[in-house]
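Visitor: Could you take me through one part of this model in detail, beginning with the cysteines and following wherever they lead? I would like the cut-offs along the way, please.

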Amino acid sequence: MFSRADHAYMTRALRLAGRALFTTAPNPRVGCVIVRDGEIVGEGFHVRAGEPHAEIIALQAAGARARGATVYVSLEPCSHHGRTPPCADALIVVGVGRVVAAMQDPNPRVAGRGLARLSAAGIQTECGLMEAEARELNIGFVSRMTRGRPWLRIKTAASLDGRTALANGESQWITGAAARRDGHRWRARSCGVMVGIGTLLADNPRLTVRDVETSRQPLRIVVDRHLQVPLDARVLEGGHVLIATAEHQAHKALRLRDLGAEVILLPNTEGKVDLQGLLRELGRRELNEVLVESGNRLNGALLKSGVVDELVVYLAPHLLGDSARGMFGLGELTALEQRIQLSIRDLRRIGIDLRIIARLGES
């Protein structure tokens, strides 16, 4: 159905989309390539919300040469008025001859309507070329559109025997510099970075992106059951902080708001923070990907709540012993049937350490 040239041009479109890995949220990452007579006449990618979409940038570059051309786009052209006009209409006005989309837009406001509008205008449309790659690029956007919540990724660093810190809490640094830089790339692509109050009190992290150049900092999210976050915590510097708590403490919440943090009350029936409710709230706030950088208690609670999609685990070449802390507080399992099944998606060396990417819910 699709030629070798089709694959090459779509590969280019996906690479272009990846250039905005850190900037497009809450919008999807989209690249576009326009080809006429075997030559690329225009290309572009969507940089950030409110700015021109990939198709518009590519059309502007192509000019009159776009008429009758083939358009390769990593996501179905939009058909609705958002912050910008519909891209499908722009393609129709110019008179392109063919549109190849990697995947249908999961946004219910589009969901096939863009391709249908193009087809009704007499433009040849095809969909599904390199769909798996396109879906991976926008895995968080797809999650939010189809499940109402962001893609949740736990990042943790451990020794080869699975320990994240000594019994006294000392943990800096388990992994080498290359792994820590790689971790900042995961922060940079995320819409939010989540930490539990235990890790915040022990490490006093900023949770900002520092080792990667980016114009956007993620929302810093603190899960704090008893609202214990100190008013001088580094995570509060500069605001852009969301604190989820299970206790109503009006005076403390007011002081935190004065520092630029937002406090939301999300108790569950056990008096803890409702983690599923928190993920729904983050989806409502248009977060596509959330990175958890916490200790074994929050990691374990998130796993038990069934909201974890992916693990990014860095294993360092040393051993910390039996008394050191583990990665996930899951309690005791009494039967192998209780184990959490994972699917290894990637395994590679990062500096002196190993990085494992594993997913839940995949066979």
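**From the cysteines to the helices**

Guide: Happily! Take C127 first: its sulfur is 14 Å from the closest cysteine sulfur, the one in C32, and that is too far for a bond, since a disulfide is a pair of cysteine sulfur atoms within 2.5 Å. Before going on, please note that this is a predicted model, where local features need pLDDT of at least 70 and side-chain atom pairs count only at pLDDT 80 or more, while totals for chains, interfaces and linings use all residues. Residues are numbered from 1 along each chain as its sequence is written, and side-chain values use heavy atoms, leaving out hydrogens and water.

Now turn to C32, whose sulfur has its closest cysteine partner in C87, 8.5 Å away and again too far for a bond. By this rule, the count of disulfides comes to zero. The surroundings of C32 and C127 can be described too: C32 is buried, with a relative accessible area of 0%, whereas C127 is partly exposed at 32% (buried means under 20%, exposed over 50%, partly exposed in between, with a 1.4 Å probe and protein chains only).

C87 leads us on to the helices. Helix α3 covers residues 87–94, and helix α2, residues 54–62, packs against α3 with the axes 9 Å apart and an angle of about 25° (helices are DSSP runs of H or I with at least four residues, strands runs of E with at least two, numbered from the N terminus; axes are lines fitted to C-alpha atoms, for helices over the stretch in contact, with angles from 0 to 180 degrees between N-to-C directions). That angle makes α2 and α3 roughly parallel (under 35 degrees; over 145 is roughly antiparallel, 65 to 115 roughly perpendicular, the rest oblique). Their crossing is left-handed, meaning that the near helix is turned anticlockwise from the far one by less than a right angle; clockwise would be right-handed. In the contact (heavy atoms within 4.5 Å), α2 supplies E55, I56 and L59, while α3 supplies C87, A90, L91 and V94. By class, the contact of α2 with α3 has six nonpolar residues, one charged and no polar (Ala, Val, Leu, Ile, Met, Phe, Trp, Tyr, Cys and Pro count as nonpolar, Asp, Glu, Lys and Arg as charged, the others, Gly among them, as polar).

Helix α3 also packs against α4, at an angle of about 20° and with the axes 9 Å apart, so α3 and α4 are roughly parallel as well. Here the crossing is right-handed. A88, D89, L91 and I92 of α3 meet G114, R117 and L118 of α4, and these residues divide into four nonpolar, one polar and two charged. L91 thus appears in the contact with α2 and in the contact with α4.

Just before α4 there is a backbone detail to inspect. A111 sits in the loop between β4 (98–101) and α4 (113–120), and its phi is near 40°, a positive value in a residue other than glycine. A111 is partly exposed, with a relative accessible area of 34%. Before α2, E51 lies in the loop between β2 (39–45) and α2; E51 is partly exposed at 29% relative accessibility.
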